[in-house]
Amino acid sequence: MITAGRRSGSGFGDGTMRDFSTATYTVSAPGMRHCPPDSGREVAFAGRSNAGKSSTLNAITGRRGLARTGKTPGRTQALNFFALDEDTRLVDLPGFGFARVPEKMREAWRRTIDAYLRERRSLCGVVLVMDIRHPLKDFEQQMLTWCGEAGVPLHILLNKSDKLSRGQVARVERMLEQAIAGQPDCTVQAFSALRRTGLEAARLRISELLDGGP
Ligand code: GDP
């Protein structure tokens, strides 16, 4: 079900940067009913395993050990919540792509993410972390479709841009811009969690998503 009233639409904030350093782990939710109360606003981070989602969360918050929490056994298949303040949260969504994970388990993750994207009213944006060298694989295409259908704004980080030349980075950026051209509320940027390239732009976009009305 697509819920009214949670979207930020195109009315983004006034450009004020959030303080992400306050991020504090609160809870790991294996399913929707274990999530914290669905009030306030949150931005979720998604990505295939190894794309650099944890490194990105650590870079955004400036908290080096933060997203290790999401790799603790038992939490890899959960939605991990980090509070910024009492009204706003960042959420680390379970990763995809480990070849050794049985298909049945992957299907369960898909269902959890699908339900979360469709039903979570406080969700006001998704940050999709991709490896710039391997963009738009199946899961990532699926995320684009899900977010489009659920009306959730999406920001794509083409991570590990330090691995490519400037020309190659620009080429992938252009390719992605074309791929998302038809999708409303979807933006893309090059990023490197390692070198902190594009960090301020990413923080600004996430701040906009968190502050966007109504
Ligand atoms: P996750 O599985 O998506 O959470 O990925 P991690 O954050 O654990 O990163 C996976 C691997 O990619 C690690 O070896 C990181 O050091 C590396 N990595 C993450 N971000 C970058 C980046 O921006 N540049 C480079 N070169 N390596 C990165």
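Leaving aside its neighbours within four places in sequence, which residues is M143 in contact with? The legends below take up this point among others, and they describe a predicted model.

**Figure 1. Overview of the protein chain in the predicted model.** The protein chain holds five helices and seven strands, and from the N terminus on these elements follow the order β-β-α-β-β-α-β-α-β-α-β-α. Of the 214 residues in the protein chain, 51% are buried. When contacts with a separation of 6 or more are considered, 76% of them in the protein chain join residues that are 24 or more positions apart.

**Figure 2. Surroundings of M143 and the largest nonpolar core.** With neighbours within four places in sequence set aside, M143 is in contact with A46, I113, L117, V126 and L128. The largest nonpolar core has 34 residues, and the members that touch the most other members are L117, V126, L128, M143 and I156. Two or more residues of this core are given by each of strand 2 (41-47), strand 3 (79-83), helix 2, strand 5 (123-131), helix 3, strand 6 (154-159), helix 4 (166-179) and strand 7 (186-190). Helix 3 supplies the largest share of this core, namely six residues. Another core, of 24 residues, lies apart from this one, and its members include F20, A23, L66 and V127.

**Figure 3. The crossing of helix 2 (residues 103-119) and helix 3 (residues 138-150).** The axes of helix 2 and helix 3 come within 9 Å and cross at roughly 30°, which means that helix 2 is roughly parallel to helix 3. The crossing of this pair, helix 2 and helix 3, is right-handed. On the helix 2 side the contact involves R110, I113, D114, L117 and R118, which meet M143, W146, C147, E149 and A150 in helix 3. Sorted by class, the residues in the contact of helix 2 with helix 3 are six nonpolar, no polar and four charged. As general background for reading such a view, an α-helix has 3.6 residues a turn, so residues three or four places apart point the same way.

**Figure 4. Helix 1 (residues 53-61) within its surroundings.** Because eight of the nine residues of helix 1 are buried, this helix is largely enclosed by the rest of the structure. The buried residues of helix 1 are K53, S54, T56, L57, N58, A59, I60 and T61. These buried residues of helix 1 pack against strand 2, strand 4 (88-92), strand 5, strand 6 and helix 5 (199-211). Just after helix 1, G62 takes a positive phi of about 70°.

**Figure 5. Two loop residues with positive phi, N50 and R196.** Most residues other than glycine have a negative phi. N50, although it is not a glycine, has a positive phi of about 80°, and N50 lies in the loop between strand 2 and helix 1. With a relative accessible area of 67%, N50 is exposed. R196, which is likewise a residue other than glycine, has a positive phi near 65°, and R196 belongs to the loop between strand 7 and helix 5. The relative accessible area of R196 is 48%, so that R196 counts as partly exposed.

**Figure 6. S39 and its contacts with residues farther along the sequence.** S39 sits in the loop between strand 1 (24-29) and strand 2, and S39 is partly exposed, with a relative accessible area of 44%. Not counting residues up to four places away in sequence, S39 touches D87, R89 and S122. For one of these partners, D87, the separation from S39 is 48 residues in sequence and 7.3 Å in space, taken C-alpha to C-alpha.

**Figure 7. L194 and M105, each shown with a residue distant in sequence.** L194 is placed in the loop between strand 7 and helix 5, and L194 is exposed, with a relative accessible area of 65%. L194 and S161 are 33 residues apart in sequence, and their C-alpha atoms are 9.2 Å apart in space. M105, in turn, is found in helix 2, where M105 is partly exposed, with a relative accessible area of 31%. M105 and Q77 are 28 residues apart in sequence, and their C-alpha atoms are 9.0 Å apart in space.

Technical notes: Residues numbered from 1 in each chain as written. Predicted model: local features only at pLDDT ≥ 70, side-chain atom pairs only at ≥ 80, totals over all residues. Heavy atoms only, no water. Axes fitted to C-alpha atoms, helices over the stretch in contact; angles between N-to-C directions. Helix = DSSP H or I, 4+ residues; strand = E, 2+ residues; numbered from the N terminus. Parallel < 35°, antiparallel > 145°, perpendicular 65-115°, else oblique. Left-handed = near helix turned anticlockwise from the far one by under 90°. Contact = heavy atoms within 4.5 Å. Nonpolar A, V, L, I, M, F, W, Y, C, P; charged D, E, K, R; others polar. Core = buried A, V, L, I, M, F, W, Y, C linked by side-chain atoms within 4.5 Å. Buried < 20%, exposed > 50% of the residue type's maximum accessible area, 1.4 Å probe, protein only.
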